[in-house]
Amino acid sequence: MKPRRQIEREFGVPIAGEILDPSQWTQTAIKKLPAKGPLDWQLVFGRTAPVVLDIGCGNGRYMIHSAVWRPDHDHLGIDVLPLVLRYATRRGNQRGLTNLRFACCDGERFLQSYVPRGSVAEIHCYHPQPYHDPREAAKRLIKPSFLALVHAVLMPGGSLFVQTDNEPYWRYMKEVIPAFFDFHEQPRPWPDAPKGRTRREIIALRRGMPVFRGWGTARKLSTAEVERTQIILREPLFDAGPPLSEVDQLERKM
């Protein structure tokens with residue numbers, strides 16, 4: 001009898017790939033980043049292929065989805081929370097993925113210290129923390145200095161993908177991202193994941209709450225133009241409004 005496929009679901013939505021026999025599991029965790037960078041992608045993945053980064057990857061749903069369906073791309077998910085990375089690496093291991101890695105690191109520091117300039121095909125940043133307390137506004141990830149780093153590590157024509165359910169943050173993104181990228185709004189769920197690319201998006205869609213999405217390709221800018229643009233753009237000192245407490249609570253239930 002053919003063994004039954006083991007498909008994992010989250011809020012009823014399948015996570016890409018199937019759980020394999022333990023003999024086929026891989027190791028997707030980068031347990032310790034080197035003291036100095038940058039990383040050599042060929043050494044990390046054992047081959048040369050387009051590299052996709054997910055900054056703030058959470059439990060790895062999108063990275064796993066993309067790694068399963070795009071075996072010709074290499075994928076690396078970054079998050080600062082070891083707990084969610086344990087879920088991500090376990091799922092990646094169980095699916096026997098060799099084109100996927102996860103590491104614990106702050107996103108801005110990772111781009112600054114570990115990513116070779118002009119080496120990445122795509123960067124994804126889904127639901128970055130809006131920091132509702134005004135005193136923590138400086139911690140917001142999407143800001144001019146971060147976008148300048150993203151622009152620097154992307155190869156010519158590389159793409160940035162963003163998503164949030166915080167409308168003030170979205171208004172700010174639409175203000176600053178086009179300075180570095182030819183930016184386009186994505187008014188509906190991404191075609192490859194109509195029920196949601198991320199855990200948080202799935203929750204929001206099920207509750208009829210808005211999710212804002214967009215993507216852009218890197219504009220041709222000189223180093224001087226990037227530096228000048230970074231200086232003139234305003235920092236993310238907007239009022240993020242109240243937290244979406246119901247979504248936040250559900251998302252924390254792993």
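The surface that the protein exposes comes to about 13000 Å², and carbon and sulfur atoms supply 54% of it; like every value that follows, this one is computed from a predicted model. Of the 254 residues, 52% count as buried. The radius of gyration is 18 Å, which agrees with the value near 18 Å that a compact globule with 254 residues would have, while the C-alpha trace spans about 65 × 40 × 30 Å along its principal axes.

The fold is built from nine helices and nine strands. Among the contacts with a separation of 6 or more, 81% are accounted for by residues 24 or more positions apart. Helix 2, which covers residues 61-69, is largely enclosed by the rest of the structure, because seven of its nine residues are buried. The buried residues of helix 2 are Arg61, Tyr62, Met63, Ile64, His65, Ser66 and Ala67.

Leu81 offers another setting, since its place is in the loop between strand 4 (74-79) and helix 3 (82-94). With a relative accessible area of 48%, Leu81 is partly exposed, because the class of exposed residues begins only over 50%. From Leu81 to Gln112 the separation is 31 residues in sequence and 19 Å in space, C-alpha to C-alpha.

Turning to charge, the protein carries 37 positive and 28 negative charges, whose mean positions are 5 Å apart. The structure holds 15 salt bridges, and one of the arrangements they form is a network that links Glu8, Arg91 and Arg95.

Individual pairs can be followed in more detail. Asp133 and Arg135 meet through their side chains in a salt bridge of 2.8 Å, N to O; Asp133 counts as partly exposed at 25% relative accessibility, whereas Arg135, at 75%, counts as exposed.

The side chains of Asp165 and Arg200 likewise form a salt bridge, at 2.6 Å from N to O. This pair links distant parts of the chain, with Asp165 in the loop between strand 7 (154-164) and helix 6 (167-176) and Arg200 in helix 7 (residues 199-206), 35 residues apart. Asp165 has 11% relative accessibility and therefore counts as buried, the limit being under 20%, and Arg200 counts as buried at 9%.

Helix 7 also contributes Glu201 to a pair that links distant parts of the chain, its partner Arg213 lying twelve residues away in strand 9 (residues 212-218). The side chains of Glu201 and Arg213 meet in a salt bridge at 2.9 Å, N to O, and both residues are buried.

Conventions
Residues are numbered from 1 along each chain as its sequence is written. This is a predicted model: local features need pLDDT of at least 70, side-chain atom pairs count only at pLDDT 80 or more; totals for chains, interfaces and linings use all residues. Side-chain values use heavy atoms; hydrogens and water are left out. Helices (H or I, at least four residues) and strands (E, at least two) are DSSP runs, numbered from the N terminus. The radius of gyration is taken over C-alpha atoms; the globule rule is 2.2 Å times the number of residues to the power 0.38. Buried means under 20% relative accessible area, exposed over 50%, partly exposed in between (1.4 Å probe, protein chains only). Contact means heavy atoms within 4.5 Å. Accessible areas come from the Shrake-Rupley method with a 1.4 Å probe; for residues, only the protein chains shown count as cover. Lys and Arg count as positive and Asp and Glu as negative; His and the chain ends are not counted. The place of a charge is taken as NZ of Lys, CZ of Arg, CG of Asp or CD of Glu. A salt bridge is a side-chain nitrogen of Lys or Arg within 4 Å of a carboxyl oxygen of Asp or Glu.
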